[in-house]
Amino acid sequence: MKRVVYSMNPVGRTGGRVYLRMLHEVTADDVEWRTVPDHKRTYRVRRWRKPRHLARLAPSIRALHGTTGTFVWDDLSLLLFTPVMRARTVFLLHHYEPLQHDSAPIEAMLWERLFRVLPQCAAVVCVAPYWADQLRARGVRNVRVIYNAFDMAEVEQARGYDRAECRAEFGLPPDVIGVYAGKAVHWKGTEEVSAALAGVPGLRVITSGSNTIGLDSAHYDVERERYLRLLRACDVGVFLPRMREGWSRCAAEALLLGLPCLIRPVAGLGDLAALAGQPAPDLRRLPAQVRQRAAARHTEAKAAYEALARFDLNYFGDAWGNLLAQVA
């Protein structure tokens, strides 16, 4: 009989939604997943989005009070759980970043309350050691790291795409270095990369995602396969987040597809940069750095690939399967 586990509905394109969706998929043979709606991203106006989400979700959480399953939760609505429910909960923390608050000053108070109740959970999972250390410093003891994982069959297929065809598809001439700067969304640093490389001959900044910042660059909001073809077409990745992220899936996928990168070592990205041996960007000499990275040796790219390739679906399924069995 499958164990019953409740979570938020993993709909969306953020790294957190991708992680949760992958968790559902790799444990589907052993887990019956039951979900509640995630309202956070359904509001056009960001201000007060989180309190509205919590108020709207409250009846669904109350309906779960009498259930006997396990919970995998990654949302402030853990505050609506009873202590008995939290004792059966694995809380998933990707990162905590006040820059993303849409309901100040209330949201900061909600997060502080959340940190105080996390020790009531059966376990807390982070996607990078940095965040595990941050939680332990706050008194949360049962913390473990389960990194972002990757479908290596998909990665190998993408690595096999004809690079010349991919470059032609995205209009990259042979003498132009394609610089992938990640998602064009707030606090990811894409504006800094674009400004530092603007007008530099032979370099073209390329971004992906929903472009919530209105960046004027070679931008592509494309489905998964074309996104991987876009990465295959590029030469270098530059990641300059202002926000403290978890483990950037964009940066890790760029490395897996063979792009030498420059990574600002902020929070979880510092863990990723250290693991994959990638240097930090320097805005004062970024064009020269990009050209140097574009000429990086194949052996270096191979080492970064090998460092990340072990985080495959088997690793992910085993880590989460063991944890959910322990909690159950």
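This is a short dialogue on reading features of a predicted model.

Reader: Start with the whole chain. How many helices and strands are there in the protein chain?

Author: The protein chain has 14 helices and 11 strands.

Reader: What does the radius of gyration say about the protein chain?

Author: Compare the value with the one for a compact globule. For 328 residues, that would be near 20 Å. The protein chain has 20 Å, so the two agree. Along the principal axes, the C-alpha atoms fill a box of roughly 65 × 40 × 35 Å.

Reader: What share of the residues is buried?

Author: Buried means under 20% relative accessible area. In the protein chain, 54% of the 328 residues are buried.

Reader: How do I read the contacts by sequence separation?

Author: Take contacts with a separation of 6 or more. Then ask what share links residues 24 or more positions apart. In this protein chain that share is 66%.

Reader: And the surface? What part of the accessible surface belongs to carbon and sulfur atoms?

Author: The accessible surface comes to about 14,400 Å². Carbon and sulfur atoms account for 52% of that. For charge, compare mean positions. Those of the 45 positive and 34 negative charges are 7 Å apart.

Reader: Now single residues. Where is Ser248 found, and is Ser248 buried or exposed?

Author: Look at the element, then at the accessibility. Ser248 is in the loop between β10 (236-239) and α10 (249-256). Its relative accessible area is 6%, so Ser248 is buried.

Reader: Which residues does Ser248 touch?

Author: Set aside residues up to four places away in sequence. Ser248 then touches Asn148, Leu269 and Leu272. There is also a polar contact. The Ser248 side chain reaches the backbone nitrogen of Ala251 at 3.1 Å.

Reader: Backbone next. Which residues does a cis peptide bond join?

Author: Read omega. Between Ala104 and Pro105, omega is about 5°, and the peptide bond is cis. Pro105 lies in the loop between β4 (89-93) and α4 (106-117).

Reader: What is phi of Trp48, and what is phi of Ala267?

Author: Check the sign and the residue type. Trp48 has phi near 65°, positive in a residue other than glycine. Ala267 has phi near 50°, again a positive value in a residue other than glycine.

Reader: Where do Trp48 and Ala267 lie?

Author: Trp48 is in the loop between β2 (31-36) and α2 (49-62). Ala267 is in the loop between β11 (261-263) and α11 (268-276).

Reader: Why does Trp48 count as partly exposed?

Author: Partly exposed runs between the buried and exposed cut-offs, 20% and 50%. Trp48 is at 35% relative accessibility, so it counts as partly exposed. Ala267 has a relative accessible area of 10%, and is therefore buried.

Reader: Which residues does Tyr220 touch?

Author: Place the residue before listing its partners. Tyr220 is in strand β9 (residues 218-220). Beyond four places in sequence, Tyr220 touches Phe170, Ile206, Thr207, Ser208, Gly209 and Leu230. A polar atom of the Tyr220 side chain lies 3.3 Å from the backbone oxygen of Phe170. Ile206 is 14 residues from Tyr220 in sequence, with 7.8 Å between their C-alpha atoms.

Reader: With which residues is Arg226 in contact?

Author: Arg226 sits in helix α9 (residues 224-233). Outside its neighbours within four places, Arg226 is in contact with Glu169 and Phe170. Arg226 is at 27% relative accessibility, so it counts as partly exposed.

Notes
Residues numbered from 1 in each chain as written. Predicted model: local features only at pLDDT ≥ 70, side-chain atom pairs only at ≥ 80, totals over all residues. Heavy atoms only, no water. Helix = DSSP H or I, 4+ residues; strand = E, 2+ residues; numbered from the N terminus. Buried < 20%, exposed > 50% of the residue type's maximum accessible area, 1.4 Å probe, protein only. Polar contact = N/O pair within 3.5 Å; in protein donor to acceptor, adjacent residues only side chain to side chain. Contact = heavy atoms within 4.5 Å. Rg over C-alpha atoms; globule rule 2.2 N^0.38 Å. Areas by Shrake-Rupley, 256 points an atom, 1.4 Å probe, with all protein chains shown as cover. Lys, Arg positive; Asp, Glu negative; His and termini not counted. Charge placed at Lys NZ, Arg CZ, Asp CG, Glu CD.
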